[in-house]
Amino acid sequence: MSEYFLKLPGDSQPRSYSEYEVREFLGQGIIDSTTLVWKPGMDGWQPVEQVLPSTSPALEKTQVEEEEDPPATREYRLRYPLGGLAKLSILACLVLLPCMLWSSWIVFSNNAVNYEEIQTAIQQNMAQLPSFAAPMVFLFSLLFIPSLLIQLIWLYRACANVQGFQIQGLRFTPFLSVILSCMPVVGMVLNALILQELYRASKNPAEWMLQAPSRSLRLYLLVTTALTLCALFPFGAEHYLMAFLVIGSLMTAASILWLVCILQISKKQQELVSEKPDMHP
């Protein structure tokens, strides 16, 4: 079937869809007959009613049928409960934040200007700790790995729940979401985009493309984009402290926003399955 490009509500740029998907968007009211579309071979963007003129009668017929016989309220079920993982994510965030804050304090208190000086400063600080504190710090640092695993398990299960809602047009599968989030450099930006799709689909599966991300999700995307740009920007040795401060601040903000976002999505999915249709005898 032909490939059509159009911009849905909530999208930042046009994306390609099949003719079947365009007709589905029309039938669901996500777009109307005046929405501009383009496909290869066309001179410019045109209203969908001119590109697919045969859809207009079908759309009117569908709308009349829906008004006369409204569909029954759908009951959604979660494949995986997320409440326990969301609580563990709070602990995971509490593990990551002290590590970043402690390393930042070491850098600035010792005026470290390179990685070797940071290592030396950490060793000196470890040597000054009481004997019972060193094993605790080591054990605390080991929790970094399971905290990351908690994040990935939550992401996989949240995506699997959304897939179980039988939603059309989702871009991220559970396995793909985990792989993309683990990618170096751009992984955090991709994770923000995945969370935005999860939030929109969990808020209203029937009309998820019309839903807007929360402010926390938008800010999370902004922070992760800035963090990625900072990681790619070649800071010189003379700006080491400034770069460490900026990156450390962005990492801290990203961790906090990530926690807020997953708590929001977990709550939305729980509210979705808690909404039961009215039962009448």
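In this predicted model, the buried residues of helix 8, which spans residues 174-181, are Pro174, Ser177, Val178, Leu180 and Ser181. Because these residues cover an arc of only 170° around the axis, they sit on the same side of helix 8.

Let me go on to the partner of that helix, since the axes of helix 8 and helix 9 come within 7 Å and cross at roughly 150°. On the helix 8 side the contact is made by Ser177, Leu180 and Ser181, and on the helix 9 side by Gly187, Leu190, Asn191 and Ile194. If we sort the residues of this contact by character, we find 3 nonpolar, 4 polar and no charged.

Just ahead of helix 8 there is a residue I would like you to look at, namely Ile167, which lies in the loop between helix 7 and helix 8. Is Ile167 buried or exposed? With the cut-off for burial set at under 20% relative accessible area, Ile167 counts as buried, because its relative accessibility is 14%. Leaving aside neighbours within four places in sequence, Ile167 is in contact with Val162, Ala201, Pro205 and Trp208. Ile167 also lies 9.2 Å from Glu207, C-alpha to C-alpha, although the two are 40 residues apart in sequence.

Now to the largest nonpolar core, which has 51 residues, and in which Leu8, Val22, Ile31, Trp154, Leu195, Leu198 and Tyr220 touch the most other members. At least two residues of this core come from each of several elements: strand 1 (3-6), helix 1 (19-28), helix 2 (48-51), helix 7 (144-163), helix 9 (187-203), helix 10 (215-232) and helix 11 (240-274). Which helix gives the most to this core? That is helix 11, with 10 residues.

I will finish with helix 1, whose buried residues are Glu19, Val22, Phe25 and Leu26. They cover an arc of only 120° around the axis, and therefore they lie on the same side of helix 1. Val22, which appears both in this buried set and among the core residues that touch the most other members, deserves a separate word. Not counting residues up to four places away in sequence, Val22 touches Tyr4, Leu6, Tyr17, Ile31, Val48 and Leu52, and Ile31 in that list is itself one of the core residues with the most contacts to other members. As for what comes after the helix, helix 1 is followed by Gly29, whose phi is positive, near 80°.

Technical notes: Residues numbered from 1 in each chain as written. Predicted model: local features only at pLDDT ≥ 70, side-chain atom pairs only at ≥ 80, totals over all residues. Heavy atoms only, no water. Core = buried A, V, L, I, M, F, W, Y, C linked by side-chain atoms within 4.5 Å. Buried < 20%, exposed > 50% of the residue type's maximum accessible area, 1.4 Å probe, protein only. Helix = DSSP H or I, 4+ residues; strand = E, 2+ residues; numbered from the N terminus. Contact = heavy atoms within 4.5 Å. Arc of directions from axis to C-beta. Axes fitted to C-alpha atoms, helices over the stretch in contact; angles between N-to-C directions. Nonpolar A, V, L, I, M, F, W, Y, C, P; charged D, E, K, R; others polar.
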